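Trainee: I am new to this structure and should like to go through it by question and answer. May we begin with a single residue and then turn to the chains?

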Protein chains: 2
Amino acid sequence: MLSIREDVPILCSGNGESVIRVNGNSASHEMDRLKLINEIKEQRDVIRKLQDITPPNIEILKKEMDKLKELKSKLCRTSAPVDDLDNEQVKLTLKTPKGTRDYGPEPMVLRKNVLEQITSIFKRHGAQTIDTPVFELREVLNGKYGEDSKLIYDLADQGGELLSLRYDLTVPFARYLAMNKISNIKRYQVAKVYRRDNPVMSKGRYREFYQCDFDIAGKYDPMIPEAECVRVVSEILTSLPMGDYVIKLNHRSLLDGLFESCGVPAKQFRTICSSVDKLDKWEWQDVRYEMTQEKGLSEDIADKIGVYVQQHGHKDLVEKFMQDDLLKVSKPAMEGLAAIKLLLSYCDIYELTDRVIFDLSLARGLDYYTGIIYEAVLTGDRRKGESVGSVAGGGRYDNLVGMFDPRQRNVPCVGISIGVERIFSLIESKLAAEKTKLRTTEVQVYVASAQKDLLEERMRLCSYLWKNGINAEHSYKKNPKLLGQLQYCEDNGIPWVAIVGESEIAKNIVRLREVSTRKEEEVDRNRLCEVLKEKIQSTTSILQS
Amino acid sequence: MLSIREDVPILCSGNGESVIRVNGNSASHEMDRLKLINEIKEQRDVIRKLQDITPPNIEILKKEMDKLKELKSKLCRTSAPVDDLDNEQVKLTLKTPKGTRDYGPEPMVLRKNVLEQITSIFKRHGAQTIDTPVFELREVLNGKYGEDSKLIYDLADQGGELLSLRYDLTVPFARYLAMNKISNIKRYQVAKVYRRDNPVMSKGRYREFYQCDFDIAGKYDPMIPEAECVRVVSEILTSLPMGDYVIKLNHRSLLDGLFESCGVPAKQFRTICSSVDKLDKWEWQDVRYEMTQEKGLSEDIADKIGVYVQQHGHKDLVEKFMQDDLLKVSKPAMEGLAAIKLLLSYCDIYELTDRVIFDLSLARGLDYYTGIIYEAVLTGDRRKGESVGSVAGGGRYDNLVGMFDPRQRNVPCVGISIGVERIFSLIESKLAAEKTKLRTTEVQVYVASAQKDLLEERMRLCSYLWKNGINAEHSYKKNPKLLGQLQYCEDNGIPWVAIVGESEIAKNIVRLREVSTRKEEEVDRNRLCEVLKEKIQSTTSILQS
């Protein structure tokens, strides 16, 4: 780098002549520089678009990356450090970390509403909640996530324990069960998890995001907890304004039995599982390519698998597979099919028949699943032909707790996780399209003054309202104008204003104004709280109906 | 290390003779080892106790640390790796990171109640809420926390941006204001922050802990927002079962003016501030020692400061200082005193007279305060003579937002932060002492079966209850015993049981049993939801009264 930059003419020289020369050059130099910066930005866009394509074409991507590098080094040669590129737009510190965002008051209202809705359904099913730290000992997370482990955020080694941010809520939950020797619990947890992914933020995918988990731990009879998990997902998705959805079902043993019967080497089960799981986004040809060219599976094995994993259906498909020559001889496959059959019959009782699909392409990326696996996808709200993707997923993981127990005692578990960020993002754009404005405070009455020098009077009135549990505020200015105070109430949707002035004080009353109708009435100061509480109650019930 | 361990006899040898010799040695060797391990544990306790003394005696501490090192290296020489020390007690993975804890269902119920109480008071004062990511660009946090910066958790450099976990909610809030060009907002935020401290966990101090912040940003008239912050703290502490408290007040300008008048060099203002702030835990002699011996302040300057910072009082003390010869000539000191005087008068109007104390020893550690500073301490619940310490703190920070704005535009801010972990911990031990058991689920009715083979009937009934928004559960066993099901309800405080059996099904009814009285009645199946909703309503109101 340095050797390149030494060729560059010195821009800031002490003597007059060279300054003039520099200034002379500077205009065209600046033009070149801006042109280059623009080219770099465009090239970055090209690469970003290429990265969005699944599966990415590595060769083309590499070629475009080389082009970007070349442009950058050209920019270096024009003497401007590459860092300047970002300074062109905004000071570096003024952003949130990559893949994260702030939530302002309006998105927070929406988020709170959605999370409360989900939580109320978890509670409807009798779940209790726990909380675990945002980071875990690194060894707790090691070896639990398969190919995704590279996405874990590590904390810097500042002396002491090696820590990582949680990647999901399931592994910490299993650690909690083992550590506290708990063998039975139905728990929910709503908390943020962290993944160093390269997500498309416009689709509601982030590096920091909420998960809403519901899990049933304990040794119980087959498929009864599994059925309740499906029911919980269904109640949640039905209760939110998201359009239609289906819940896909499959079983890890069926996949393992299928792979075994097709001749996949045992040590490749998990990685072939990962490939199969991509069928919701990729064509079979691309999945087949990954299996055979990248993972070295023989072509005839891949083709055998392909026949099965492209099928989905209902009870009839389960029956058909139960008679299938290749699957019939596999014990794990037949166990998986029997489980799916039983689960589908329970789903009928729970009135979920139209919601569930048995889908052999569903595989789930994570290593720890051992039985039934689920995934819920939205079907009603496809845009530009592409699926919104999964909004919930989960499954049975019977061996995870044992990995933490000194004596390998297992606690069988099954659970689901709601991917709530995509739900926020869908409802957010829906509200934006409808131009719905959400109220972000809960102020019930604003205390305004009609003349100067009434700050203390306003403070006294607020003090009295607060003491009586009424949500109230007043201006932080000593002498605000009445019109400004009333405008503030209209802008912020505050329903009532209590106005005090010289004459009101003399009569020991306040003027109570309804903001929406601008109607005013005189209320005895000592009765203000009583009157307000009545009005607030009736206002609320009108808004709710 | 290796050279020491090479002296050690080989414990695991292939030939018989040496095994016998090893076994012969092994018993006494094991005894020595256990003795050493015990000594190390005791020595660790000694050091822990020494570290708890404030200010710590560094010399003694160093001597005891050396002793520990010596014991550890002795243990090495007995051939057991030091790591084994921890294995003696528990498998390494089975813990949460140092300074953190899990919250089980019971603590969660308490925590939720306390946080909702606090949030409802923030809303009573018209605040809206926001959320920011748990980590920030490292440069956002740099240079904001003075001597405490060493406690910031950094994320590992895994390529990309350099990140750190948030240390408080104030700096991210200021970054948010600058980034979104917001000049007016009253916001609250309830979220976790991270500090690599060595906290005493039994006192409710952790490395991961909740803060509940309330801040008023905007250019307003003096002391009006400050007074509301005091009022908010007071409403919160009054509403929680924590005993008496006081809210200490001081002003950074007064401290700066005092330091200047006493002759403290300007560049030492902040570090002398830090020393003064320790007066709530240390004796003046120890603070004086730190100022003069560790920070190099001359003794006569320290003594001059000492006269002032050991005083606290009310309006009369402000008046006295306003006439003080040393302070009278300092413009910042007089400005600070005038501000305190005005704030105290507003506190009178907000009915806080008995709650506030003007305390010149209050200094607050953080660099960013520029005006009034607060701290609330519990006074009613002292144990063993020591103060429970601060449960809330805050102040004015007018220059923080400007540090993030490209044009240094400032947004004046003032706020308070509730240290809610100590509050949890106090209420938790109070409940434990009273043996109060909190209910951790909200199940309203349990669906039980009186005979075998009624699983599907139970599922159908639950499905019907859930659809009607009733919190219900049933056993995940196919054929649970009736007694076990009823016992479960008693253990978990579930108020109602809906029992189905062959005869009930034939009559299209359920037997509805009240768990507390064991009274049963027959209810028409189609009317079950209706009947339950009535009963649940009356149950709730009885519990509340």
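Trainee: In which loop of chain B does B:Asp405 lie?

Mentor: Please bear in mind that this is a predicted model. The element before B:Asp405 is strand 10, residues 390–396. The place of B:Asp405 is therefore given by two strands of chain B, and it is the loop between strand 10 and strand 11 (413–418).

Trainee: Is B:Asp405 buried or exposed?

Mentor: A residue counts as buried when its relative accessible area is under 20%. B:Asp405 has a relative accessible area of 4%, so the residue is buried.

Trainee: The backbone nitrogen of which residue lies 2.7 Å from a polar atom of the side chain of B:Asp405?

Mentor: The side chain of B:Asp405 belongs to a buried residue. A polar atom of that side chain lies 2.7 Å from a backbone nitrogen, that of B:Arg407.

Trainee: What is the phi of B:Gln408, and where does the residue lie?

Mentor: B:Gln408 is also found in the loop between strand 10 and strand 11 of chain B. With a relative accessibility of 52%, B:Gln408 counts as exposed. Although B:Gln408 is not a glycine, its phi is positive, about 55°.

Trainee: Is B:Met223 buried or exposed?

Mentor: B:Met223 sits in the loop between strand 5 (208–217) and helix 8 (224–239) of chain B. Its phi is near 70°, a positive value in a residue other than glycine. The relative accessibility of B:Met223 is 7%, so the residue counts as buried.

Trainee: How many helices and strands are there in chain A?

Mentor: Chain A has 545 residues, of which 53% count as buried. Among contacts in chain A with a separation of 6 or more, 68% are between residues 24 or more positions apart. The elements of chain A are 20 helices and 16 strands.

Trainee: Why is helix 7 of chain A largely enclosed by the rest of the structure?

Mentor: The buried residues of helix 7 include A:Phe173, A:Arg175 and A:Tyr176. Their cover includes strand 2 (135–137), helix 6 (138–141) and strand 4 (185–194) of chain A, together with helix 5 (105–124) of chain B. Helix 7 (residues 170–179) is largely enclosed because the buried residues number nine of the ten.

Trainee: Which residue with a positive phi follows helix 7 of chain A?

Mentor: The phi in question is near 50°. The residue that follows helix 7 of chain A with this value is A:Lys181.

Trainee: How many residues of chain B are in contact with chain A?

Mentor: The area buried between the two chains is about 8500 Å², with carbon and sulfur atoms giving 58%. On the side of chain A, the residues that lose the most area to chain B are A:Leu94, A:Trp466 and A:Tyr476, together 11% of what that side buries. Chain A contributes 94 residues to the contact, and chain B contributes 94.

Trainee: How many salt bridges are there between chain A and chain B?

Mentor: One salt bridge joins B:Glu161 and A:Lys95, with the closest N and O atoms 2.6 Å apart. The rule also finds 48 residue pairs in polar contact across the interface. The salt bridges between chain A and chain B number 14.

Trainee: With which residue does B:Asp131 form a salt bridge?

Mentor: The closest N and O atoms of this salt bridge are 2.5 Å apart, and the partner of B:Asp131 is A:Arg111. B:Asp131 lies in the loop between strand 1 (128–129) and strand 2 (135–137) of chain B, and its partner in helix 5 of chain A, so the pair joins two chains. B:Asp131 is buried at 7% relative accessible area, and the partner is buried at 3%. The residue asked for is A:Arg111.

Trainee: Which residues are linked with A:Arg111 in a network of salt bridges?

Mentor: Over all chains, the whole structure has 80 salt bridges. The network that holds A:Arg111 also links A:Lys192, A:Glu208 and B:Asp131.

Trainee: How many residues apart are B:Lys341 and B:Glu319?

Mentor: These two residues form a salt bridge, the closest N and O atoms being 3.6 Å apart. B:Lys341 is in helix 15 (residues 331–349) and B:Glu319 in helix 13 (residues 315–322) of chain B, so the pair links distant parts of the chain. Their separation is 22 residues.

Methods
Residues numbered from 1 in each chain as written. Chains lettered and ligands numbered in written order. Heavy atoms only, no water. Contact = heavy atoms within 4.5 Å. Buried area = accessible area lost by both parts, 1.4 Å probe. Salt bridge = Lys/Arg side-chain N within 4 Å of Asp/Glu carboxyl O. Polar contact = N/O pair within 3.5 Å; in protein donor to acceptor, adjacent residues only side chain to side chain. Helix = DSSP H or I, 4+ residues; strand = E, 2+ residues; numbered from the N terminus. Buried < 20%, exposed > 50% of the residue type's maximum accessible area, 1.4 Å probe, protein only.
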